[in-house]
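Here is a friendly walk through one structure, with an eye on its metal sites, strands and charged side chains. Have the viewer open as you read.

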Amino acid sequence: MAEGMAAVRAGGNRPSEKSGHHPARRPRRGVPPRGPPLPRRPGRKRPSIRAKEPGREMTRRRENEKGIALLVTLLILVLIVALVYEIFRIGARSAQTGAYGRDSIRCALLAEAGTGAARIALRQDARDNSFDTLDEIWSRPAPPIELGDGEIRVVVEDEDRKIDLNRIMLSMGNAPDERRLAIFRRLLDTLAIDRAVADAVVDWLDNDDTPRVGGAESAYYLALPYPYRAKNDLFDTIGELRLVRGVTREAYEKLLPFVTAHSSGKVNLNTAPKEVLMSLSAGTDLDEVGAIDAKTADEIIEYRKDHPFTKTDEINNVSPFLRDLNNRTLLFKELADVRSTFFHVRSEGEVAGTIRTVDAVGARLGNEIQWRFWRLE
Ligand SMILES: [Ca+2]
Ligand SMILES: [Ca+2]
């Protein structure tokens, strides 16, 4: 404001100086110059009235000067009004920005508080039992938490209900685990997505630059309009899938509920959706004893509603086919579990229409939650 006033004063001084008759100033239009008259332009006569009536000329000059003074005053007024308006406008805008910033910080704090609530629920659940189902303190849909004029909305989902794309690669990073690759292929079949996506994912993960049949390495990605290299390493977030050849927006949205980049590597039989359960019977198991089809997956889902699995062998109770599959293969022992280790927490804080979200993945180890991924949106 002090600056504004200084500007007003400075702006006000300049025109008044102009109105003073400083000898060095250039003559302005309409203001007769002092000193000797300017040479006349050839062929142009001055009005004879000026020569004949010097008294009236003086009066006009004074009137002219008065008119200019009035103009200058008006100009100063316009300037002051413009400046006041500008100061008011900037003030109003910064007041708005301040309110937004304050709400934004409060929203972020609320969202963070939501992750704290999720952490407490997950720790409590670990004390309650050693299996994880869709009907527990962390997994039941939680109502919004009202806090003052703010609101927190938290959704917790275990990542172990999904297929871990990073586990497709063997630990040396140079070859896929064929059984896990077959599981992913089966998921692609179920979702009606081109199987070649599985080969492109393997190329994305493996540390060589030799493309598989149907896959893609840097040579392919570098020829794209916006070129980039194949990662040749594990996924940090599942969003990276969008960079992989063949993963269109449509394919990505289909895959999103069923794939993860952070899990124990074992699918939780208590929480896995139908599409994931149907993928589990891939690979050699398929040739030997048949596949978990849609009907068998439905039987598992129906059974676990009343009888949550407390150990994987309880799959034997669901149907003779599943007992046979379990006894003849190591499928459930090696690739399935009844508990979850990784949890995705999405916590929204809202104040007066402003929303901030924490998107996080935590690993529950014993009774503690370690955040492995954390993003404030
Ligand atoms: Ca539990
Ligand atoms: Ca590669």
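## Strands, calcium sites and charged pairs

Strand β2 and strand β7 (residues 342–351) pair in the antiparallel sense over nine bridges. Please keep in mind that this is a predicted model. One pairing you can look up is Val 155, whose bridge partner in β7 is Arg 346.

β2 also has a partner in strand β1 (residues 145–147), again antiparallel, this time over three bridges. Leu 147 stands opposite Gly 150 in β2. The two strands form a hairpin with two residues between them, and Gly 148 in the turn has a positive phi of about 60 degrees.

The side chains of β2 alternate along the strand. Gly 150, Ile 152, Val 154, Val 156 and Asp 158 point to one face and are buried, while Glu 151, Arg 153, Val 155 and Glu 157 point to the other and are not.

**Salt bridges**

The model has 33 salt bridges. Three that involve β2 or the loop that follows are set out here:

| Pair | N to O distance |
|---|---|
| Arg 153 and Glu 348 | 2.9 Å |
| Glu 157 and Lys 162 | 3.3 Å |
| Arg 161 and Asp 158 | 2.6 Å |

Arg 153 and Glu 348 meet in a salt bridge. Arg 153 lies in strand β2 and Glu 348 in strand β7, so this pair ties together parts that are 195 residues apart in sequence. Both ends are partly exposed: Arg 153 has a relative accessible area of 24%, and Glu 348 has 23%.

In the salt bridge between Arg 161 and Asp 158, Arg 161 is buried at 14% and Asp 158 is buried at 0%. Salt bridges that share partners join Glu 157, Asp 158, Glu 159, Arg 161 and Lys 162 into one network.

Where does Lys 162 sit? Its place is in the loop between β2 (150–158) and β3 (163–164). Lys 162 is buried, with a relative accessible area of 7%, whereas its salt-bridge partner Glu 157 is partly exposed at 28%. Beyond residues up to four places away in sequence, Lys 162 touches Glu 157, Leu 256, Pro 257, Phe 258, Val 259, Thr 260, Val 267 and Val 276.

**Two calcium ions**

Which protein atoms are the donors of the calcium ion (ligand 1)? They come from Asp 125 (OD, twice), Asn 129 (OD1), Phe 131 (O), Asp 132 (OD) and Glu 136 (OE, twice), at 2.1 to 2.6 Å from the ion. Along the chain these donors follow the spacing D-x3-N-x1-F-D-x3-E. Asp 125 lies in helix α3 (residues 54–128) and Glu 136 in the loop between α3 and β1, so the pair ties together parts that are eleven residues apart in sequence. Asp 125 is buried at 1% relative accessibility, and Glu 136 is buried at 6%.

For the calcium ion (ligand 2), the donors are Asp 203 (O), Asp 206 (O and OD), Asp 208 (O), Glu 217 (OE, twice) and Asn 232 (OD1), lying 2.2 to 2.6 Å from it. Their residues are spaced D-x2-D-x1-D-x8-E-x14-N in sequence. Asp 203 is buried at 0% relative accessibility, whereas Asp 208 is partly exposed at 26%.

**Helix α11**

Leu 322, Leu 325 and Asn 326 are the buried residues of helix α11 (residues 320–328). Seen down the axis, they fall within an arc of 95 degrees, so they line one face of the helix. The face turned away from this buried side carries the exposed residues Pro 320 and Asn 327.

Technical notes
Residues are numbered from 1 along each chain as its sequence is written. Chains are lettered from A and ligands numbered from 1 in the order in which they are written. This is a predicted model: local features need pLDDT of at least 70, side-chain atom pairs count only at pLDDT 80 or more; totals for chains, interfaces and linings use all residues. Side-chain values use heavy atoms; hydrogens and water are left out. Helices (H or I, at least four residues) and strands (E, at least two) are DSSP runs, numbered from the N terminus. Buried means under 20% relative accessible area, exposed over 50%, partly exposed in between (1.4 Å probe, protein chains only). Contact means heavy atoms within 4.5 Å. Donors are N, O and S atoms within 2.8 Å of the metal (3.2 Å for Na, K and Ca); water is not among the atoms, so sites may look incomplete. The arc is that of the directions from the helix axis to the C-beta atoms. Two strands pair if DSSP finds at least two bridges between them. A salt bridge is a side-chain nitrogen of Lys or Arg within 4 Å of a carboxyl oxygen of Asp or Glu.
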